[in-house]
Every structure is written in structure tokens, then in C-alpha cells.
Amino acid sequence: MASSFLSTKPFLGSSRTDDAFSGLRYLPSHLLRSPVHISIRTSTPKKLQIQAAGSTGGNYFRVTTFGESHGGGVGCVIDGCPPRLPLLESDMQFDLDRRRPGQSRITTPRKETDTCRILSGVSEGVTTGTPITVLVPNTDQRGHDYSEMSLAYRPSHADATYDMKYGVRAVQGGGRSSARETIGRVAAGAVAKKILKSLAGTEVLAYVSQVHKVVLPEDLVDHDTLTLDQIESNIVRCPDPEYAEKMINAIDAVRVRGESIGGVVTCIVRNCPRGLGSPVFDKLEAELAKAVMSLPATKGFEIGSGFAGTFLTGSEHNDEFFTDEHGKIRTRTNRSGGIQGGISNGEIIKMRIAFKPTATIGKKQHTVSRDKKEMELIARGRHDPCVVPRAVPMVEAVVALVLVDQLMAQYAQCNLFPINPDLQDPLFSPRLELEPNNVHV
């Protein structure tokens, strides 16, 4: 703070300085005979902090994705991964293969191997604690398929809004709005899943529970015993064979007509540590909702009883507590979906995510050009007739990223000092040995 002392000499003249203090002439004489102290604060310009706009997520386990659909490649940088974790490219490749295009007739025909390369952060098969950079080259770009879309906006796509925001956009493949951006999240999610499984025995599993009007009844899937093999037993990733066939037929019916349909992915988390999440703004379900709703084509999120819970009374909806044979506090039902008060309670976390029909279809539609002229457009390119089969590993990935970030936050805040064993569980399972570079979860 800078200050100056002004004497009480008469203010004479007509300079700007005199004008500024001319009001002092009208003060009472006894005040003018006393020294007048005026403090002048000099303002210091505040530093403007600008964060990367929308491409980084997480607080402790931070992931930044990069790249575009028809650029040289896509990938991620993982910052905050604990050191000494056994990690090879094959750990990530397992989930990337589940996400990659061209894996069946009901997915986009684009042919990409999506082979990942770890460029940094891993030495001799273990993480070093420094940023992990993962790159997946693009090898099957067809930029000429998008020549018409450089002039016209695809209905319900991000073309128009990207122009509205940036004033420029990557036309080929939709740029950052393409689902190829999720490669970085799936790669990082594979690392997160390995940490969760190794330290806490936590499993994250997702599956397709609805395609268009084909809805899998909830009682056909036992979430206590559901396995990855059941989910991966068919190309639509529905654990029930009968309903899987119905879903595949529904996708085939629209695929040959150049149409698209949407669906629902259900995701569960087993053996989630209790205590993850924080009150108010950082509630666990709020963090999960943000993560899954950041995926392309998502239009809805619900956890536990979701919207169906609005049809129940309080006595019907409440999850009553009991003590199990191990002395653990449990709930008899799980309409809360494993989270109460924004904090995990140890029960299975269950959520459902709605995906809209793919926006790019092979039918003529009305639209406008970039110069605001109305026109008709038949979009070209290679696109999924239904996104939900390939969305399954994407949902698992972003859920795992939230959980590992929350696990690290919980350890940092609530486990530095000895826990209260009467009320709290150990954050981690009894020490599990990390399998040397062959853990697929």
C-alpha cells in the first residue's frame, strides 16, 4: 500500500489536481487547521489464471486427452499416477480393443488397430510417478468424406456449436467432438482400473441394458456374480444371450437403412471403499455424473432408483440398515445405488447412462450452410448405427478415473492419521500383490 501526506495549505489554481480536491474548501475551518491524511491505494493488476479448456479431468489423478479424429493420432497424458505400478502397453490395449472401430458388423466400418504406445512415465515395466504419455496413431483417415460437411452443418452434431464457440473447426471427422477422443480416456481408465483392483479389490463393469425399444429386465442380471466374460460373450455386450440377439437384430434393421438408434449402458462398481466422495459440491454421484455425461452422445444419467424412485414413498424407498455376520453395517436394499449423502457406503454402486441415436446418418436431412443458406445434406463417412456396444469400455473408464481420483483424495484427507476402527474401514484391502504386468480387469 502506498500513502501520501497532504498539508493544509490552501488549494489554489485551476489544475486538475486542485479540481480533484476542490470539495475541501467547503469543510469547516477547524478541520482545515488540522492535518488531513489521505491514503491512496495503488491497485496491483490481478493475475489471470487460465486453465486448459475442457481437455483435463481429475484433481490428484489428472488426465489430459489430445488429438483429433483425422489428425496424426490421439492419446492422453496421465499425471499423478503412483510410482512402482507394473504397467505395460498390453494393460491398456485390452480395453482399447474393446473400444476400437470395425470390431463387428454393428459398429462403424472404419478400420483402426488402435495400437497404443507408451512414450513416457514407465521404465522397465513400472510407472515412475512422472507423467505417462500414451499415443495411438490414426491410420485409416478419409478426410474427403467430409467435404460437403465443411459447408453444411450436420443436424444434432457439434459442427454448428464448435463454429459458434471458436469461429473455426476441424471439419474432418468432427475433430475433438469425435468419439476417437475417448481413446485417451479408455487408456487412462485401464490404468485406473488396475490401481483400484490391486489396492481395494474394486471392480468396474458396464454392459448394454437397452437398445432402442429392447429393454433388458433388471432381474435377469445378478450384479453380485456378473463377469466380464458374460458381457463380452456377444458383439452387443449384453450379458443375457436372448436379449443380446434381440438387440443385435434391432441394430441390423436400422443399419441397412442408413439410420441409427440409441440405448442405455448400465455400470456397476463392486467392492468400492466406503467413504469416497465429499459433501456438497464434490458428492460422488455428482462427480460420476459429470464424468459419464462428458462422453459423446450421452443424454441422461441416473443412479440407484433414479427417476423410478419418484414413484415411491419414503418408507418404500429407504434402505434400512442391519449388521451382517462380519459385524459390518450394511443396507437390506440398495435403492441409494451405493452412495448416500454423496459418499460411498460400500454397497454396489449402480448407474445407468442414456445414449442418443448417432447424429450422423445416411439419410437426407434439412440443414443450413455456414453462410446461413438452407439446404439438404446426406452425411457421408463411417459411423456406428448404435454407439452403446462400444460405449461400454468408455463408461467403465471414466467411472474408474473418478474412483481412483476420489481414492487418492480420501487417503490424503482422512487416512494420514490412524482411523477410528469402530466407525471406519481400512481404505485398502489386505495388501494385494501386484501381478507382474498381466492384470486385466
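**Exercises on a predicted model**

In this predicted model, C238 is buried, with a relative accessible area of 0%.

**Exercise 1.** Decide whether C116 is buried or exposed.

*Solution.* The cut-off for buried is under 20% relative accessible area. The relative accessibility of C116 is 3%, so C116 counts as buried.

**Exercise 2.** Explain why C116 has no bond to the closest cysteine sulfur.

*Solution.* A disulfide is a covalent bond between the sulfur atoms of two cysteines. The sulfur atoms must lie within 2.5 Å. For C116 the closest cysteine sulfur is in C76, at 9.0 Å, which is too far for a bond. A search of the whole structure likewise finds zero disulfides.

**Exercise 3.** Check the span of helix α10 (residues 388-414) against its number of residues.

*Solution.* Helix α10 has 27 residues. The expected span is 1.5 Å times one less than the number of residues, which gives 39 Å here. The end C-alpha atoms of α10 are 37 Å apart, in agreement with that value.

**Exercise 4.** Determine how enclosed α10 is.

*Solution.* Count the buried residues: 22 of the 27 in α10. The helix is therefore largely enclosed by the rest of the structure.

**Exercise 5.** Describe how α3 (residues 89-99) meets α10.

*Solution.* Two packed helices are described by the angle and the distance between their axes. The axes of α3 and α10 come within 7 Å and cross at roughly 145 degrees. Next, list the residues: α3 contributes D95, R98 and R99, while α10 contributes R390, V392, P393, M394 and E396. Finally, sort the residues of this contact: three are nonpolar, none polar and five charged.

Technical notes
Residues numbered from 1 in each chain as written. Predicted model: local features only at pLDDT ≥ 70, side-chain atom pairs only at ≥ 80, totals over all residues. Heavy atoms only, no water. Buried < 20%, exposed > 50% of the residue type's maximum accessible area, 1.4 Å probe, protein only. Helix = DSSP H or I, 4+ residues; strand = E, 2+ residues; numbered from the N terminus. Axes fitted to C-alpha atoms, helices over the stretch in contact; angles between N-to-C directions. Contact = heavy atoms within 4.5 Å. Nonpolar A, V, L, I, M, F, W, Y, C, P; charged D, E, K, R; others polar.
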